[in-house]
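Trainee: I would like to go through the reasoning behind some of the labels used for this model. Can we take them one at a time?

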Amino acid sequence: MTPASLPELLVALPALAVVMAALLVVLVEALWRRTIARLIDGIALAGLGGAAFLEALSLRAGDGGPAIYRGAAAASGGAAAALVRQDALAAFGGLLILVAAAFTVLVGGAYVARRGLRQAEYTAVVLFAAAGMLLLGAAADLIMIFLGVEAFSIALYVLCAFRSGDRAGYEAALKYFVLGSLAAGFLLYGTALVYGATGSTELARVGQILSGPDGGATAGQQTVGLAGLTLLLVGLGFKMALVPFHHWAPDVYQGAPTPITGFMAAATKTAATVALIRVLWTAFGGLSATWLPAVAALAVVTMVVGNLAAIVQADLKRMLAYSAIAQAGYVLVALVAAATGGVAAALYYLLAYGLAKLGAFGVLALLDGQGGGRAADAAANVADAGAAGERPAAGPRDATSLADLAGLGRTQPWLAATMTICLMSLVGLPPMAGFLGKWMIFQSAVDGGWMWLAIVLVLNTALSAFYYLRPIGWMYMVEPKGDAVPEVGSGASFALTVAVLGLVAALVSGGIVRVARAADAFDRRPPDAPAGLPPELGTATPAATATPAGTAP
Amino acid sequence: MSGLDPAFLIVGALAIVTAVGMILAKNVVHSALFMVAHFGLTAVLYLLLSAPFLAAAQLIVYAGAIMVLVLFVVMLLGRQEALLDEPIVGQRWLALAALGVLGAALVRVAALGVPAAPEGGTAVVPPAFGSPAAMGDALYTQWVLPFEVVSLVLLVAMIGAVVIAHFQRRPRNEKAGNPAIAADATEIPSPRA
Amino acid sequence: MDAIELGIVALKCLVIVAVLLTGFAYTTFLERKVIARMQQRLGPNRAGPFGLLQPAADGVKLIFKENITPVGVDRFVYFLAPIVSMVVAIMAFAVMPVADPITVTIGGQVREIRFQLADFNVALLYVLGITSLAVYGLVLAGWASNNKFALIGGLRSAAQMVSYELAMGVALVSVVLVVGSLSMNDIVDWQVAKGLPLIVLQPVAFGIYAITAIAETNRAPFDFPEAEQELVAGYHTEYTGMRFALFFMAEYINMITVSGLAATLFLGGHHLPFVERFTGNLPWFVDIGVFLAKVILALFLFIWIRATIPRLRYDRLMAFGWKVLLPISLANLALTAVVIAFLAR
């Protein structure tokens, strides 16, 4: 091994910092006789904060070109492919993932402590998942994409089953695991086909060969490449919960511990979307004329099915799961319109959406356990569940039904207000960040000539208002059922405040929009007609593939 | 070695047969055996593609270790016939049709032709290709980051296995409704929509 | 590859099988004699001079015994298991070099004949891969027999072999690090060139290899899969006649193989590294003799250990493998790597 490979490896430093923190948490847990919750939280937040600092640095240093890790050249020769690309796109997605992870550590810490579960392992696995997502967001090679997906998926399978003895969690974990493995198989097959067509797994190189002037790809190569893209789309679409591949999402979102559900909704979607952006536009941008209609159709189906199914849900987590599916459809619209500012729109929207989802699931996680006091309620639920050998358990159960929110506006005005703001942002009502995000997507779609897609988007938004506003009604217009007043830990409420403030800040500050715009400057292969790029973006660099190996930030 | 080498074709066909057998076998142990055979044949395929190290690793890791553990678990579960019913009526015919479509697409693509070496030259196997030294060289230089990520994945899987398997045993004779002792109690399943 | 070459390969295969089968027969004889002597008995002495025809008598008896197939067995797997055991045991020997190559003239052509079926650059991995398959015979036999003792024997063997394989593999990696090749011939040649057998350089690796080899072949004190006091006869409880004999053969052939591997990797193979500094390279028939002597020495050790050390307790066995052998072998590997990196400067 050449020692020179070490500094270059620093490109992956954000992910490495998170991994370090996770390892430290595991070691502290193993070596200390008594674990100190605050120490573990502190380590985790320090790691996440350090990573966020590095991401912010690379976001600022965007002008000097992205830092790229290629791996040392093997002695047997052969050009080293770019494996990790720490550009503005990766940094923006990374920051979002890190915020979600910090949120999950804080809110989940309270959740886990209340149930007497193992906090250190919980924190460590969340951090590992975050590291995998960071790698996925920065992956510039199909191998790295696959490994990033695997890294965070396995961590999430574990987190789904984290409540010991909880059948719903086990069921969720098993479903997620089995279907996730299938999706991983699709990803691998897609990678193999792309490699077969082009002889490379590096996204930029694939893009060059499939469409570039020096590539000269044959029709056969392009067909095999597109077959590979189809399979990659299935694999990543599974992680994003796009519609034909979404069947796992409701069950898993419902069965997983609530903080983890929020983490999955916010962070997984971000990481998978960033990876999809790179696959679609870096590797297959030149063939976009072929796949754009298919992806647009996918977006329509995802939006419509997600929203229609969300309407009929009585369970809040399930409802939010279907809404998450619909939201993925909106993001997909932005990806279709990537040539006209869609990537910036998608990133901004992911930010607004992610914070709102974290807030909503955070409120649910904090309400969790309140069901335990209502014996009659619990007994009724058991009767519903049938004679599956369940005993009437005493455990705190997740607050997941609309009835759990009844009268929250009176008993917990602060939580109710948070929930309201998050839900309104999810709808996309004008004063909220979600509105700006939807507006950006709408505009990019119209600019890109996808008028009909934009109209479908608006119609779906109207459709979604129904089910998003219903919980608000329950919170403020229904009398509270029990007399129990939920207790809310300080760290958790702090995290919630951050989420809401973030939503507000995202709205107030045009800076985030600017940053999202800057992140549009990822290594993209323009479609066959580069004239489609509006001048104010001016960031898509066709020659970016020729960028020499970057240095560490 | 050319992809149309008869040995390659025969071994590949056998590998497919064993893979299908693995899916169709009613008995779990027979399935596992088919899978072992499949792994062995895959190792032979690697050998034919001049990757002897990969072949040996395939044999040691998959056939020698992983499948033994699979058999171990299967045997602990006792002898039972798997039920091969169709939860969705007609799904097998649908699957067969989908397979036909895929096969036709594959033939069509093959007819279009993919050059053996995408960058215009002829595919040449380097002299040390697939040897342990070449594999180690590639793994620890160019692919060192993915290599480490794989170790990360395994670490997470290990921690997860311990966490999930380590079921917390506490006295569970208390009455329902006391949140303080309820940490390990089976939870009430959420009502389905 | 022409017809003559093909013929030579076929001949080699035949010779290997014949020698291994004979070797098996006389290893059992050796074992009975040695153990008898250690226990102040005479051992078999009726058939032939000194009882030398005893193995033949046993063979005839086993062949003519009735094969009983119990009710409720999984017939296919039940028949497959002994075959798997036997085939795997014989296959592992294919890469073992037993003498220097010689050149002969056949039909006007000069040909080199190697006393080895095949050598390739991952020969050592091949042996490890094949021996790791040996567990299937036991596991399948245990499962297919429809017998609780057999099943427990099979389960034990699976756990035991997977655990000990790890330590064995890591120990052998240290040897590979020193030599820098996975080819059997390279390893032997290295020892000859340096003039000292690897046991001197890697005593820890040899120790671990010796222990794990006993466990891998399910020999006392690690003979849990067939611990007769607890499990009747373990995985082969329900086997009779020739099928039982196949398991028996596989066990002894595995002993010969791991002994041959020990000789090749640690003791200089078919050479006498230290002696040949003075005498020069010895002719091929001496090579074979040297190799045989080393194998018999190792087999004697096997038998000696069986006669001396009582069986461990099962949980101790697993704890020993994972908590003692594996860490030691890893430490040995790390130390070897550091020393080699240091010397390479």
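Mentor: Start with the largest nonpolar core, bearing in mind that the model is predicted. That core has 190 residues, and F263(A) and W291(A) are those with the most contacts inside it. Helix α14 of chain A, residues 342-367, gives the most to this core, with 21 residues.

Trainee: What makes the second core, the one that includes V29(B) and L33(B), a core apart?

Mentor: A core is a set of buried residues of certain nonpolar types joined through side-chain atoms within 4.5 Å. The second set, of 102 residues, is separate. L198(C) and I214(C) are among its members, along with V29(B) and L33(B).

Trainee: Which residues does F263(A) contact, leaving aside its neighbours within four places in sequence?

Mentor: Among them are A100(A), A101(A), T104(A), V126(A), M133(A), L156(A) and L358(A).

Trainee: L358(A) belongs to α14(A). Why is α11(A) called roughly antiparallel to α14(A)?

Mentor: Helix α11 of chain A covers residues 258-283, and its packing angle with α14(A) is about 170°, with the axes 7 Å apart. The cut-off for roughly antiparallel is over 145 degrees, so α11(A) is roughly antiparallel to α14(A). F263(A), A266(A), T270(A) and I277(A) are among the residues of α11(A) that make the contact, and L347(A), Y353(A), L358(A) and F361(A) are among those of α14(A). By class, the contact has 14 nonpolar, six polar and two charged residues.

Trainee: Why is G180(A) called buried?

Mentor: Its relative accessibility is 0%, and buried means under 20%, so G180(A) counts as buried. G180(A) lies in helix α7 of chain A, residues 167-198. Beyond its neighbours within four places in sequence, G180(A) is in contact with Y157(A), K175(A), F238(A) and K239(A).

Trainee: Is S464(A) buried or exposed?

Mentor: Buried, because its relative accessibility is 0% against a limit of under 20%. S464(A) sits in helix α19 of chain A, residues 451-477, and touches N307(A), Y330(A) and V427(A), not counting residues up to four places away in sequence.

Trainee: What makes the phi of A241(A) worth a remark?

Mentor: Most residues other than glycine have a negative phi. A241(A) has a positive phi of about 65° although it is not a glycine. The residue is in the loop between α9 and α10 of chain A. At 1% relative accessibility, A241(A) counts as buried.

Trainee: Q40(C) also has a positive phi, of about 60°, although it is not a glycine. Is Q40(C) buried or exposed?

Mentor: Exposed. The cut-off is over 50%, and Q40(C) has 75% relative accessibility, so it counts as exposed. Q40(C) lies in the loop between α1 and α2 of chain C.

Trainee: How do you know that the length of α5(C) agrees with its expected span?

Mentor: Helix α5 of chain C, residues 148-179, has 32 residues. The expected span is 1.5 Å times one less than the number of residues, so α5(C) should span 46 Å, and its end C-alpha atoms are 46 Å apart, which agrees.

Trainee: What makes α5(C) mostly covered?

Mentor: Of its 32 residues, 25 are buried. After α5(C) comes G180(C), whose phi is positive, near 85°.

Notes:
Residues numbered from 1 in each chain as written. Chains lettered and ligands numbered in written order. Predicted model: local features only at pLDDT ≥ 70, side-chain atom pairs only at ≥ 80, totals over all residues. Heavy atoms only, no water. Helix = DSSP H or I, 4+ residues; strand = E, 2+ residues; numbered from the N terminus. Buried < 20%, exposed > 50% of the residue type's maximum accessible area, 1.4 Å probe, protein only. Contact = heavy atoms within 4.5 Å. Axes fitted to C-alpha atoms, helices over the stretch in contact; angles between N-to-C directions. Parallel < 35°, antiparallel > 145°, perpendicular 65-115°, else oblique. Nonpolar A, V, L, I, M, F, W, Y, C, P; charged D, E, K, R; others polar.
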